[in-house]
Amino acid sequence: MTQRHIKLVALLALSLCALRTHAALVNPSFETGDTTGWTIGGNAEYGVALNNTPITGTAITDNYVRAISGSYALWAKLSTTVPPTTISFSQVVDVVPGTGYFPGFSYGVLGSGSFSRTSSFSITINGFTPFSGGGTIGGGSGYQSPGTSWVAPANVTTATVTYQLSGSTNGNLAGFSVDNFIFQPVPEPIAVSLLLVPLYLLGTRRIRLH
Ligand SMILES: [Ca+2]
């Protein structure tokens, strides 16, 4: 390896360090087959199951689990009948002050036949709720994937992120599938440019070799 190569590799490594972030959810899509890493709240019945596992005891015909990635997803039975049911998912992650992050997750109600169910969600970080909303889920419509942006304030190095989901099912239980939790850093333009410089230089070096 020439000195030039060593410099380029060092620059590339530096750039990757700039892009690297501390935030990383444990078990973000339940591929451990359970809820390892998560603190689950709320009063809903829930579990983790393989893709296509039936969710029994709900008002949705052929209600089943759909994993949006990997083999597993979490399922939860939600309704607004008294008592209303909710489920929340929390983790504490390390963050870099001043860095932007994208928290999000995916959920849906999967089954056969015709149905329409509404749901509401919120994403709370260190007690602040940057994003909440809801929507209607129809039969076969698959997942919804809400997400938002959040910038770690100065001096804040940990974030307690809580994703909450509740369902309105016209009085009947619906089995929700939940998967693909995200808490990703948003790459800063300067870090991206630092990464592109050595990649460009390596590219021109390779072209010259040909
Ligand atoms: Ca999964």
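The exercises below work through a predicted protein model, each with a solution in steps.

Residues are numbered from 1 along each chain as its sequence is written. Because the model is predicted, local features are reported only at pLDDT of at least 70 and side-chain atom pairs only at pLDDT 80 or more, while totals for chains, interfaces and linings use all residues.

**Exercise 1. Establish which parts of the model carry the lowest and the highest confidence.**

Step 1. Start with the scale: pLDDT is the predictor's confidence in each residue, from 0 to 100. The mean for the protein is 82, and 74% of its residues reach 70 or more.

Step 2. Go on to the elements, where helices (H or I, at least four residues) and strands (E, at least two) are DSSP runs, numbered from the N terminus. Confidence is lowest in helix H2 (residues 189–209), with a mean of 51, and highest in E1, at 98.

Step 3. Residues 14–21 have a pLDDT below 50, and beyond near neighbours in sequence this stretch has 14 contacts in the model; two residues are in contact if their C-beta atoms, placed from the backbone, lie within 7 Å. Where pLDDT is low, the predicted coordinates should not be read in detail.

**Exercise 2. Describe the order of the elements and the sequence range of the contacts.**

Step 1. The protein has 2 helices and 11 strands, and from the N terminus on they run α-β-β-β-β-β-β-β-β-β-β-β-α.

Step 2. Among contacts between residues at least 6 apart in sequence, 78% join residues at least 24 apart.

**Exercise 3. Determine which residues and strands build the largest nonpolar core.**

Step 1. A residue is buried if 20 or more other C-beta atoms lie within 10 Å of its own, exposed if 12 or fewer, and partly exposed in between, with C-beta atoms placed from the backbone. By this criterion, 31% of the 210 residues count as buried.

Step 2. A nonpolar core is a set of buried Ala, Val, Leu, Ile, Met, Phe, Trp, Tyr and Cys residues joined through C-beta atoms within 7 Å. The largest one has 41 residues, of which Ala73, Leu74, Trp75, Ala76, Leu165, Phe176 and Val178 touch the most other members.

Step 3. At least two residues of this core come from each of several strands, among them E2 (45–50), E3 (72–78), E10 (158–168) and E11 (174–185). The most are given by E3, with 6 residues.

Step 4. Leaving aside residues up to four places away in sequence, Trp75 touches Tyr46, Gly47, Ala49, Ile55, Val65, Gly175, Phe176 and Ser177.

Step 5. Leu165 lies in strand E10 and is buried because 24 other C-beta atoms are within 10 Å. Its contacts, again not counting residues up to four places away in sequence, include Leu78, Tyr107, Phe121, Phe176 and Val178. The C-alpha atoms of Leu165 and Ser122 are separated by 6.8 Å, although the two residues are 43 apart along the chain.

**Exercise 4. Work out how E5 is enclosed and which strands pair with E5.**

Step 1. Of the 10 residues of E5, 7 are buried, so this strand is largely enclosed by the rest of the structure.

Step 2. Two strands pair if DSSP finds at least two bridges between them. E5 and E11 pair in the antiparallel sense over 8 bridges, and the bridge partner of Ser106 in E11 is Asp179.

Step 3. With strand E9 (residues 150–151), E5 shares 2 antiparallel bridges, and Tyr101 stands opposite Trp150 there. Strand E8 (residues 143–144) also pairs with E5 in the antiparallel sense over 2 bridges, where Gln144 is the bridge partner of Tyr107.

**Exercise 5. Classify the loop residues Val26, Asp62 and Asn126 as buried, partly exposed or exposed, and examine phi where given.**

Step 1. Val26 is found in the loop between helix H1 (3–19) and strand E1 (39–42), and counts as exposed because it has 12 C-beta neighbours inside 10 Å. Val26 nevertheless touches Thr36, Gly37 and Gln91, not counting residues up to four places away in sequence.

Step 2. Most residues other than glycine have a negative phi. Asp62, in the loop between E2 and E3, has a positive phi of about 55 degrees although it is not a glycine; with 11 C-beta neighbours inside 10 Å, Asp62 counts as exposed.

Step 3. Asn126, in the loop between E6 and strand E7 (128–138), likewise has a positive phi, near 50 degrees. With 15 C-beta neighbours inside 10 Å, Asn126 counts as partly exposed.
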